[in-house]
Amino acid sequence: MLDQINQHIQPTQTRLVAVSKTKSNEQILEMYAAGQRIFGENRVQEVTDKFESLPKDIEWHFIGHLQTNKVKYIAPFISLIHSVDSLKVLKEINKQAKRNGRVIDGLLQFHIAAEESKYGLNLNQAKELLESTAYFNMENVRLIGVMGMATFTDDQQQVRREFQQLKNIFTQLKIDYFGGADYFKEISMGMSGDYLIAVEEGSTLVRIGSLLFGKR
Ligand SMILES: *Cc1c(COP(=O)(O)O)cnc(C)c1O
């Protein structure tokens, strides 16, 4: 399955985040042996344990809602936080990154699905964050793109429209707030059920769990 997914995403240079939440170290090592190096987790305790026991050239991505009081545990090693959904958590990421002498990369998470969700920004909230003095003064975080989850539905047109919406948000922010900078380049969208559509709509990072590892 890893080979199959890679064949689908490689022509567009989309990268695969293997979502290994609830999966054992053995299962991760199997994927590692097959060449996979980026793994995604959504629990702080779990990703911290896995970081400690698994090979150090693994890039760990955090993809779940991040509580402010837990940022300190992942700040020493996390490669990318996909789920920046408030100024508050970004401030804490900046603070903990500084303590660790690092600059931590993050993505702004947007709420693009029709379903209710507690997490994810809308465009106005993102603009407010990006225009804040607090953000202006942050030296230890770097926002490098956006992330979103489409509605869980069989309606492929709806899913496609939501991915297009996220791509449009990305393009607008890149111009208006990042001066077109090359480093602002990631669009994290697409999961097991919809990654092919996401790739067609410009995803640069697909986050795939069950299709890769089997059902959780
Ligand atoms: C679990 C999870 C995924 C992977 O979902 P699958 O349907 O198993 O591929 C992707 N993104 C986020 C944010 C997740 O929590």
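**Pockets, cavity and ligand**

Visitor: Which residues line the second largest pocket?
Guide: This is a predicted model, in which local features need pLDDT of at least 70 and side-chain atom pairs count only at pLDDT 80 or more, while totals for chains, interfaces and linings use all residues. Residues are numbered from 1 along each chain as its sequence is written, and side-chain values use heavy atoms, with hydrogens and water left out. A pocket is an open set of points on a 1 Å grid over the protein atoms alone, with protein on both sides within 12 Å along at least five of seven lines, and a lining residue has an atom within 4 Å of a point. The second largest pocket is lined by Asn 42, Arg 43, Val 44, Phe 62, Gly 64, His 65, Leu 66, Gln 67, Lys 70 and Tyr 119.

Visitor: How much space lies in the second largest pocket?
Guide: The lining of this pocket divides into four nonpolar, four polar and two charged residues, where Ala, Val, Leu, Ile, Met, Phe, Trp, Tyr, Cys and Pro count as nonpolar, Asp, Glu, Lys and Arg as charged, and the others, Gly among them, as polar. With a volume taken as the space filled by probe spheres set on grid points that are joined across faces, edges and corners, the second largest pocket holds about 190 Å³.

Visitor: Where does the ligand sit?
Guide: A molecule sits in a pocket if more than half of its atoms lie within 2 Å of the grid points. The candidate to consider has a volume of about 880 Å³, and of its 34 lining residues the closest to its centre are Met 149, Ala 150, Phe 152, Met 191 and Arg 207. By class that lining has 14 nonpolar, 13 polar and seven charged residues. The ligand sits in the largest pocket.

Visitor: Which residue has a side-chain N or O atom 2.7 Å from an oxygen atom of the ligand?
Guide: The residues around the ligand, each with a heavy atom within 4 Å of it, include Val 19, Lys 21, Gly 209 and Ser 210. Gly 209 offers a polar backbone atom 2.8 Å from a ligand oxygen, and a backbone N or O atom of Ser 210 also lies 2.8 Å from an oxygen atom of the ligand. The 2.7 Å distance, which falls under the polar contact limit (N or O atoms within 3.5 Å), belongs to the side chain of Lys 21.

Visitor: Which strand gives the largest share of the lining of the largest cavity?
Guide: A cavity is a set of grid points where a 1.4 Å probe fits but cannot get out, and the largest has a volume of about 30 Å³. Among helices (H or I, at least four residues) and strands (E, at least two), which are DSSP runs numbered from the N terminus, α5 (87–99), β5 (104–110) and β6 (141–148) each supply at least two lining residues. The largest share, three residues, comes from β5.

Notes
A polar contact is a pair of N or O atoms within 3.5 Å; within protein, one must be able to donate a hydrogen and the other to accept it, and residues adjacent in sequence count only if both atoms are side-chain atoms.
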